[in-house]
Amino acid sequence: MARVAIVGAGAMGSVYAGLMASAGHEVHAVTLWKEHAQTMSRHGLRVEGISGDRTAPVQGSTTTEGIGPCDLVIISTKAADVETAARSALSLLGPETSVQTIQNGLGSADRVASIIDPDRIAVGVVGGFGASLCAPGHVHHNRMEMVRFGAYAGLPRTALEAGAQIWRAAGFEVALFDDTDRMVWEKLIFNVAFSATSCLTGKTIGEVMSDPNTWWVAQHCALEAVEVADALGVRLQLGDPLEHIRRLGAKIPDARPSMLLDHLSRQPSEIEVINGAIPREAEKVGLTAPINATLVALVKAREAEWSR
């Protein structure tokens, strides 16, 4: 079995850690939440939800110091923290270590690659998940949809496949992509539809889709993203993008996007790399994305109130 370090054991990272440990891998989960780390180390990590209910042996810590080289390092922090996480992960790298970086939005992999050898890196995208930390050492998740990976630069296919096998052994369905732009944008379009819309209204994904007013905003955010992706030459394979979004959303109607969860806890969100990425990328190709830009401004205005 593999030796795995997960840098960023929040809700999603904890699900990865628990299911991988349950499959027999040696898992080290790094989190800044001291109580969470201590509970995992002392009592194991409880994972409940669509995969069942189990407690797995996970070694929790608040730092990467002392863990040593691993077969696989997974960086699953929020986008704002990837550079700090990448630097801390350097001590986890052995000669054959692969690094998977899994964040929402655009740009995180580029920042990781400025610190870690790009030829070690796999870009990851997960979809159809909803996770929340219930208490220290206890995480809940909804569904287990597709996990996608592609090489950032020169990571060998054998190494990409070896990393995928660790996930598959833990019960995840994994697909490998040669076209990472397509992979990332197809997930981004889904996030763009629901993240800011849900955040500003407090609605779940299902409630956004069932309300004509919020669904109008969500679908036009997505359509702006599709237009920009097309202008950039990204080869999306979604069919009807709105049908695709509704189909995926219908699988997790009760899920609350991470941006909403951030605001419920009065934490800064990932608005700049999700909805905020669309106006920035649009400008590169002579387009505008006014609906996404408006939602970005509203989310940032709310966040600015917290610091006053």
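This report describes the nonpolar cores and the salt bridges of a predicted model.

## The largest nonpolar core

The largest nonpolar core holds 47 residues, and within this core Trp185, Leu188, Val192, Phe194, Ile205, Ile245 and Ile278 touch the most other members. Two or more residues come from each of several elements, namely strand E8 (121-126), helix H6 (180-201), helix H7 (205-210), helix H8 (212-232), helix H9 (241-251), helix H11 (277-284) and helix H12 (290-306). Among these elements, H6 gives the most to the core, with eleven residues.

Leu188 offers a view of the contacts around one core member: leaving aside residues up to four places away in sequence, Leu188 touches Gly105, Leu106, Val273, Ile274 and Ile278. Apart from the largest core lies another core, made of 37 residues, which include Ala11, Ile74, Phe149 and Ala164.

## Salt bridges across the chain

Side chains of opposite charge can pair when their charged atoms come close. In this model the count comes to eleven salt bridges, and one of them joins Lys78 to Asp262, with the closest N and O atoms 2.7 Å apart. This pair links distant parts of the chain, as Lys78 sits in the loop between strand E6 (70-75) and helix H3 (82-89), whereas Asp262 belongs to helix H10 (residues 258-264), and the two are 184 residues apart.

The two partners also fall into separate classes of accessibility. Lys78 counts as partly exposed because its relative accessibility is 30%, while Asp262, at 9% relative accessibility, counts as buried, the cut-off for buried being under 20%.

## A salt bridge within helix H6

Another salt bridge is formed where the side chains of Arg182 and Glu186 meet, at 2.9 Å from N to O. Both Arg182 and Glu186 lie in helix H6, and they are four residues apart, which is about one turn of the helix. Arg182 has a relative accessible area of 18% and is therefore buried, and Glu186, with a relative accessible area of 10%, is buried as well.

## Further charged groups

The side chains of Arg280 and Glu272 meet in a salt bridge as well, with a distance of 3.1 Å from N to O. Here Arg280 has a relative accessibility of 38%, so Arg280 counts as partly exposed, and Glu272, at 33% relative accessibility, likewise counts as partly exposed.

Elsewhere in the sequence, a network of salt bridges links Arg46, Glu48 and Asp53.

Note on methods: Residues numbered from 1 in each chain as written. Predicted model: local features only at pLDDT ≥ 70, side-chain atom pairs only at ≥ 80, totals over all residues. Heavy atoms only, no water. Core = buried A, V, L, I, M, F, W, Y, C linked by side-chain atoms within 4.5 Å. Buried < 20%, exposed > 50% of the residue type's maximum accessible area, 1.4 Å probe, protein only. Contact = heavy atoms within 4.5 Å. Salt bridge = Lys/Arg side-chain N within 4 Å of Asp/Glu carboxyl O.
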